[in-house]
Amino acid sequence: MDATLAETTGPAFRTLGGLRFSKGHGTGNDFVLVADPGGEHTITAEQVAGLCDRHRGIGGDGLIRAVPSRLLPEGRDLLATVPEAEWFMDYRNADGSLSEMCGNGVRVFVHFLRAEGLIDLPDGGALIIGTRGGAKTVVRTGDEYAVDMGPWEFIFPGEATAKAMDSLVTADGLEVPRPALSVSMGNPHTVVALAELSELAGTRLFTAPTVEPVPANGTNVEFVVPAEPLVHDGVGSVTMRVHERGVGETQSCGTGACAAAVAIRHWAGAEAPDSWRVHVPGGVVGVKFFAGPAGHEHVELSGPAVIVATGTLS
Ligand SMILES: N[C@H](CCC[C@H](N)C(=O)O)C(=O)O
């Protein structure tokens, strides 16, 4: 256990005594959630790491603080253009690092706001929330949520992308470096297509894969196997595992599922469908491409959200 974690489970951690929290997940991508309607909780990176630690803390792939957008700088900037984004998802990875976006997290965040009685979102209703990746519109259907994740883009545009590969990825269990495509969903992803499920099962993700060239602020790495046939009843299907930046291997990654669908659809060419099902170790999420405003293609992520428990830090 590294020194910072030792410090975190010491006095620094204790400053959060009495803090109410919830535990939730979206297809097994799990989060510690804290409601902070007064914007009064400063949770340091070390404390996030301590809370997300699965042995000495609560355990989670990340921490989500729900805070009014007006109470933090990034939120106030967003409100200037999207005044409807009243609540802000302050997302941190399990190591305490910031990430711009968290697709599974957005669904669990909205479900948490409902559970806390902080919003009223009727079935079929829509809510706009703030994130460091911009405002996101979320539509509720029962306990499932569809998130407009916004536009996607290639991280390394240009000739390499034209060839549909721009990076090489090496991972434990893969004999040779594999070509990959790096895609931004607000946060960075590098997608590797493997030939079959046995390769997926044989790839070990205890350590971060090596990516060359690596996006400026690191990257999440998705290993994807297209279904055979790729398309059934007009819906594309892939199976995925992911090593997340600042976390490690997770059961699911919403932005990663979107990036994987972008890459596979790019490789499949013009005939590829706009609807996809992405099978992750923690379940299945839906990904749909649609024409967003200003002619940009947007990606929609849909799936469940669960609040497992609520507790109080001692
Ligand atoms: N689990 C998240 C992604 C977190 C990405 C984070 N690991 C990063 O540093 O970008 C999701 O469902 O989209």
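In the predicted model, histidine 25 is in contact with Asp30, Val108, Ala305, Val306 and Val308, neighbours within four places in sequence being left aside. Histidine 25 belongs to strand β1, which comprises residues 20-26. With a relative accessibility of 25%, this residue is classed as partly exposed, because the value lies above the 20% under which a residue counts as buried and does not reach the exposed class, which requires over 50%. A polar atom of the histidine 25 side chain is placed 3.0 Å from the backbone nitrogen of glycine 28. Relative to leucine 230, histidine 25 is separated by 205 residues in sequence and by 28 Å in space, taken from C-alpha to C-alpha.

Serine 184 is located in strand β10, spanning residues 178-184. Its relative accessible area is 14%, and serine 184 is therefore assigned to the buried class, for which the value must be under 20%. When residues up to four places away in sequence are not counted, serine 184 touches Pro151, Trp152, Glu153 and Ile155. In addition, the side chain of serine 184 reaches the backbone nitrogen of glycine 186 at a distance of 3.0 Å.

Burial was also examined for helix α3. This helix, formed by residues 45-52, is mostly covered, with six of its eight residues buried. The buried set consists of Gln47, Val48, Ala49, Gly50, Leu51 and Cys52.

The surroundings of the ligand were then considered. The space that the ligand takes up is the largest cavity. Residues are contributed to the shell around the ligand, two or more in each case, by strand β4 (87-93), helix α5 (103-115) and helix α8 (254-268). In total, 15 residues surround the ligand, and the closest are Asn29, Gly103, Arg245, Gly254 and Thr255.

Polar contacts to ligand oxygen atoms involve both side chains and backbone. An N or O atom in the side chain of asparagine 93 lies 2.9 Å from an oxygen atom of the ligand. For serine 99, an N or O atom of the side chain is likewise found 2.9 Å from a ligand oxygen atom. Glycine 254 takes part through a polar backbone atom, at 2.6 Å from an oxygen atom of the ligand. Of the 360 Å² of accessible area that the ligand has on its own, 100% is covered by the protein.

Key:
Residues are numbered from 1 along each chain as its sequence is written. This is a predicted model: local features need pLDDT of at least 70, side-chain atom pairs count only at pLDDT 80 or more; totals for chains, interfaces and linings use all residues. Side-chain values use heavy atoms; hydrogens and water are left out. Buried means under 20% relative accessible area, exposed over 50%, partly exposed in between (1.4 Å probe, protein chains only). Helices (H or I, at least four residues) and strands (E, at least two) are DSSP runs, numbered from the N terminus. A polar contact is a pair of N or O atoms within 3.5 Å; within protein, one must be able to donate a hydrogen and the other to accept it, and residues adjacent in sequence count only if both atoms are side-chain atoms. Contact means heavy atoms within 4.5 Å. A residue is near a molecule or strand if one of its heavy atoms lies within 4 Å of it. Accessible areas come from the Shrake-Rupley method with a 1.4 Å probe; for residues, only the protein chains shown count as cover. On a 1 Å grid over the protein atoms alone, a cavity is a set of points where a 1.4 Å probe fits but cannot get out, and a pocket is an open set with protein on both sides within 12 Å along at least five of seven lines; lining residues have an atom within 4 Å of a point. A molecule sits in a cavity or pocket if more than half of its atoms lie within 2 Å of its grid points.
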